[in-house]
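Visitor: I would like to learn how to read a protein model. Can you take me through some features step by step?

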Amino acid sequence: MKIRFIPTCCMAAICLCTLLLAHTAWGSDLQALVRNVEQQYNGDSSHVLATMHIVTEQWTRTISMEGWSLGREFSLTRITAPAKEKGVATLKADREVWNYLSRVDRVIKIPPSMLGASWMGSHISNDDLVKANHVDLDYDLSLVAETDGYQKILCLPKTDAAVIWGKIIYTIRKPDDVPLEIEYFDDLGEKVRTIRFDDIKQVDGHILPMDMIVLPEDKPGEKTVLHYDSIHFDVPLKESFFSLRNLKKR
């Protein structure tokens with residue numbers, strides 16, 4: 001029997017291809033995982049009722065809201081209480097975002113540079129509310145730590161991506177892929193804030209944290225808690241629902 005020897009250069013090429021294929025599959029898994037975390041309250045479509053409790057050094061207040069989403073491209077959020085802010089709304093269609101100010105009956109288009117701005121005086125940004133950035137597409141992802149109970153994923157922005165964060169780190173519980181914590185950093189590597197998740201429940205076949213707690217790094221003691229009072233998935237919605245005309249409806 002004749003024994004064939006594979007040249008060293010061919011062996012190296014085979015090993016390199018194997019590593020590249022493994023890395024591609026691994027990267028795709030991380031992309032899917034981060035995408036699921038970012039869209040966990042959306043599903044294919046959703047309708048939510050939520051309460052936002054804001055605590056700052058000067059004041060505290062509570063805001064009630066109603067929201068609808070269709071996939072990852074369309075969302076509409078409208079404030080239902082208190083009375084003086086009732087009707088204020090935010091619309092996302094594709095990658096464009098608008099705010100409606102009910103008191104002055106005015107629609108304002110939000111430029112990408114303002115997506116990181118505070119929404120309704122909270123520690124939640126316009127980008128958090130509508131998920132205008134696509135972290136799984138705009139960032140390079142890598143697994144930086146893993147145990148039996150959780151995994152950490154590092155997200156660094158791609159060179160051509162128009163994003164507001166210099167780095168994001170996800171801590172995700174295994175094996176149900178529920179987020180425990182997300183850390184956000186600026187372009188200089190300084191931590192800006194942390195989002196923690198709590199009150200994990202099963203809703204319509206989805207395992208979800210019902211509380212999202214936003215903690216600003218530069219304001220100890222301040223926080224915003226977004227509590228999901230109810231979530232329903234796979235509700236009948238069409239793209240036409242997410243229009244500027246519907247944004248202004250009370």
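Guide: We will go through strands, one residue and the cavities. Keep in mind that this is a predicted model.

Visitor: Which way do β4 and β5 run, and how many bridges join them?

Guide: Start with the general idea: two strands pair if at least two bridges are found between them. Here β4 covers residues 89–93 and β5 covers residues 96–101. They run antiparallel, joined by 5 bridges. Take one bridge as an example: Ala89 has Tyr100 in β5 as its partner.

Visitor: What lies between the two strands of that hairpin?

Guide: There are 2 residues between β4 and β5. In this hairpin, Asp94 takes a positive phi near 60°.

Visitor: How does β5 pair with β6?

Guide: In the antiparallel sense, over 5 bridges. Strand β6 spans residues 106–110. Look for Val97, whose bridge partner in β6 is Ile110. This hairpin has 4 residues between its strands. Asp105 takes a positive phi near 50° there.

Visitor: Now a single residue. Is Thr80 buried, partly exposed or exposed?

Guide: Buried means under 20% relative accessible area, and exposed means over 50%. Thr80 has 34%, so Thr80 is partly exposed. You will find Thr80 in strand β3, residues 74–81.

Visitor: Which residues does Thr80 contact, leaving aside its neighbours within four places in sequence?

Guide: Ser64, Met65, Glu66 and Lys86. Consider Met65: it is 15 residues from Thr80 along the chain, but their C-alpha atoms are separated by 5.1 Å.

Visitor: On to the cavities. How many are there of 30 Å³ or more?

Guide: A cavity is a space where a probe fits but cannot get out. The count here is 3 cavities of 30 Å³ or more. The largest has a volume of about 400 Å³. Its lining has 29 residues, and the closest to its centre are Tyr41, Asn42, Asp128, Leu129 and Tyr228.

Visitor: Which element gives the most to that lining?

Guide: β2 does, with 5 residues. By class, the lining of the largest cavity has 17 nonpolar, 8 polar and 4 charged residues.

Visitor: What about the second largest cavity: what is its volume?

Guide: About 80 Å³. It is lined by 11 residues, and Glu38, Asp127, Val135, Trp165 and Tyr184 are the closest to its centre. The elements that give two or more residues to this lining are α2 and β9. The lining divides into 6 nonpolar, 1 polar and 4 charged residues.

Note on methods. Residues are numbered from 1 along each chain as its sequence is written. This is a predicted model: local features need pLDDT of at least 70, side-chain atom pairs count only at pLDDT 80 or more; totals for chains, interfaces and linings use all residues. Side-chain values use heavy atoms; hydrogens and water are left out. Buried means under 20% relative accessible area, exposed over 50%, partly exposed in between (1.4 Å probe, protein chains only). Contact means heavy atoms within 4.5 Å. On a 1 Å grid over the protein atoms alone, a cavity is a set of points where a 1.4 Å probe fits but cannot get out, and a pocket is an open set with protein on both sides within 12 Å along at least five of seven lines; lining residues have an atom within 4 Å of a point. Grid points are joined across faces, edges and corners, and a volume is the space filled by probe spheres set on the points. Ala, Val, Leu, Ile, Met, Phe, Trp, Tyr, Cys and Pro count as nonpolar, Asp, Glu, Lys and Arg as charged, and the others, Gly among them, as polar.
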